[in-house]
Each structure stands twice: as C-alpha cells, then as structure tokens.
Amino acid sequence: MAGSHHGTLQVASKVSEFEILELAIRELAIEKGIFSAEDHRRFAEWADGVGPHGGSKLVAKAWSDPGFKERLLSNGTEACKEVGIDWLQPTGVGTPSDYTFFYVLENTPQVHNVIVCTLCSCYPRPVLGMSPDWYRTPSYRRRMVRRPREVLAEFGLHLPPDVEVRVHDSNQKSRFMVMPMRPEGTEGWSEEQLAEIVTRDTMIGVALPEAGRTSDTATQKLAGWKR
C-alpha cells in the first residue's frame with residue numbers, strides 16, 4: 001500500500017471549514033441559551049469515550065443469536081436498546097447526538113456494503129464513536145461513490161468481480177452500519193471473543209474481520225499518504 005500511486009487519503013492537518021463552522025454555531029447556541037457550556041462539555045466527554053464498542057457488541061450478538069440478528073436488521077434503533085444503546089438518549093444526560101433512523105447492512109457472499117457521507121461527516125456515533133479523520137476527507141467522500149473498488153483496494157480490500165459493492169450515503173435522517181460476515185475459524189467463540197475482531201473499519205465496510213486481528217492496522221497506513 002505504501003507504494004500506491006493514488007496517494008489520496010490523509011489525516012487532516014489543519015482546522016477544516018466545518019470545524020470553524022461548528023465552533024461558531026456552538027458559541028452562538030451557548031449565547032442564546034439553547035444549551036450551556038457545561039452541557040457541551042459533558043457531551044464531548046461522552047463522544048470522546050464511546051468508541052466502536054457498541055457496534056462490535058451488536059455484530060457479535062447478531063452472529064451468535066439469529067433472533068437478535070433478525071431484530072437488528074429489521075429495526076436497528078430498537079435492537080440497540082438490547083445492548084444498552086438508546087439513540088434518543090445516547091449520552092445518558094439528555095443530549096441527543098444523532099437522528100434516530102439507524103440501519104444495519106448485512107454483508108453476504110454476493111454483496112459487500114460500505115458507508116460514506118458525501119455531504120460532510122454523518123456517522124453512527126452512538127455505536128461507532130467519532131468518525132476517523134480519513135472518513136471526513138473530501139477524497140474519501142467523493143471517490144467512494146464514484147470508484148468504490150479502487151478506494152477499497154487502497155485500504156487493502158480486494159473483492160472478487162462477482163461481489164456487488166453497494167455504497168450507502170449517510171444523511172441528516174439516516175445512519176448506517178455494516179454487519180460484516182463472520183469469518184471462518186471462529187466457531188464456538190463467545191460473544192466477547194467475537195466482539196474483539198469486529199473493528200471499526202469492518203463496520204464502515206473498508207475491511208473484513210479476521211480471526212486474531214483486533215485492530216485497524218490497514219487504515220493506520222493511510223495517515224502518511226499525500227493527496
């Protein structure tokens with residue numbers, strides 16, 4: 001991957017226009033009394049600590065429990081409550097963080113799903129935490145919808161030609177998460193063991209879970225790429 005000629009994805013090195021806009025709106029909202037600085041601090045602490053662990057639990061439970069899998073695919077918002085995630089009150093302090101239409105997309109041998117937000121950075125934060133820097137780059141947002149196989153290959157994910165790639169564009173009303181296929185070699189594993197190999201990138205759709213791999217090593221290499 002280091003020798004790729006694409007060189008398009010990288011971690012943002014400066015404050016973006018969206019971050020400047022967020023700061024201005026936040027200060028105005030505090031000034032107008034919509035929420036307080038303390039409310040924002042408590043939300044920021046929650047957002048920084050949530051991580052992708054909720055999503056990992058959802059996938060591991062779905063792999064182990066066919067009944068739960070059916071409920072998760074039919075109504076992701078309600079099924080999340082079974083692992084302690086309430087999309088209406090995700091922070092526990094009365095501060096909603098996202099809209100409440102949440103859809104889980106099941107990968108199959110014929111179909112591979114991947115998520116993106118072409119507008120900005122919409123992301124299922126209650127289950128995956130804060131989005132990675134590369135997810136918010138214009139390169140990923142623009143190119144994933146146009147040349148998904150090319151971008152996935154840059155992550156090290158090479159799919160067979162007969163596998164259909166479906167790109168799902170998040171928006172104000174909807175959030176998506178990928179349910180990857182359970183890998184071979186995990187028969188008899190507990191939900192806790194399974195959750196360890198369901199990493200953030202597998203739930204975005206830019207990687208596949210593997211027995212024994214518990215971190216997103218592939219995307220760490222993207223930080224050094226040039227545009």
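**View 1. Cys122 and its cysteine neighbours.** Cys122 counts as buried, at 11% relative accessibility; buried here is under 20% relative accessible area, exposed is over 50%, and partly exposed is in between, with a 1.4 Å probe and protein chains only. Cys120 falls into the partly exposed class, at 22%. This is a predicted model, in which local features need pLDDT of at least 70 and side-chain atom pairs count only at pLDDT 80 or more, while totals for chains, interfaces and linings use all residues. Residues are numbered from 1 along each chain as its sequence is written, and side-chain values use heavy atoms, with hydrogens and water left out. A disulfide means a pair of cysteine sulfur atoms within 2.5 Å, and the count by that rule is zero. For Cys120, the closest cysteine sulfur sits in Cys122 at 4.0 Å, so that pair is too far apart for a bond. Cys122 is in no disulfide either, and its nearest cysteine sulfur belongs to Cys117, 3.8 Å away.

**View 2. Tyr135, in a loop between two helices.** Tyr135 sits between helix H6 (125–128) and helix H7 (138–146); helices (H or I, at least four residues) and strands (E, at least two) are DSSP runs, numbered from the N terminus. Buried or exposed, then, for Tyr135? It counts as buried, because its relative accessibility is 0%. Contact means heavy atoms within 4.5 Å. Leaving out residues up to four places away in sequence, Tyr135 touches a set of residues including Cys117, Cys122, Tyr140, Arg141 and Ile204. Tyr135 and Ile204 are 69 residues apart in sequence, yet 9.3 Å apart C-alpha to C-alpha.

**View 3. Strand S4, from Ser174 to Val178.** Strand S4 covers residues 174–179 and holds Ser174; Val178 is in S4 too. Ser174 is buried, with a relative accessible area of 12%, and Val178 is buried at 0%. Setting aside neighbours within four places in sequence, Ser174 is in contact with Phe101 and Tyr103. With the corresponding cut on sequence neighbours, the residues that Val178 touches include Val59, Leu105, Asn113, Thr202 and Gly205. The C-alpha atoms of Val178 and Gly205 are separated by 6.0 Å, with their positions 27 residues apart along the chain.

**View 4. The largest nonpolar core.** A nonpolar core is a set of buried Ala, Val, Leu, Ile, Met, Phe, Trp, Tyr and Cys residues joined through side-chain atoms within 4.5 Å. The largest one here has 43 residues, and Val127, Tyr140, Met177, Ile204 and Val206 have the most contacts inside it. Helix H3 (residues 53–64) gives the most to this core, with five residues.

**View 5. The second largest pocket.** On a 1 Å grid over the protein atoms alone, a pocket is an open set of points where a 1.4 Å probe fits, with protein on both sides within 12 Å along at least five of seven lines; lining residues have an atom within 4 Å of a point. How much space lies in the second largest pocket? About 160 Å³, where volume is the space filled by probe spheres set on the points, joined across faces, edges and corners. Twelve residues line this pocket, and the closest to its centre are Val50, Gly54, Gly84, Ile85 and Pro126. H3 supplies the largest share of the lining, three residues, and helix H2 (37–50) also gives at least two.
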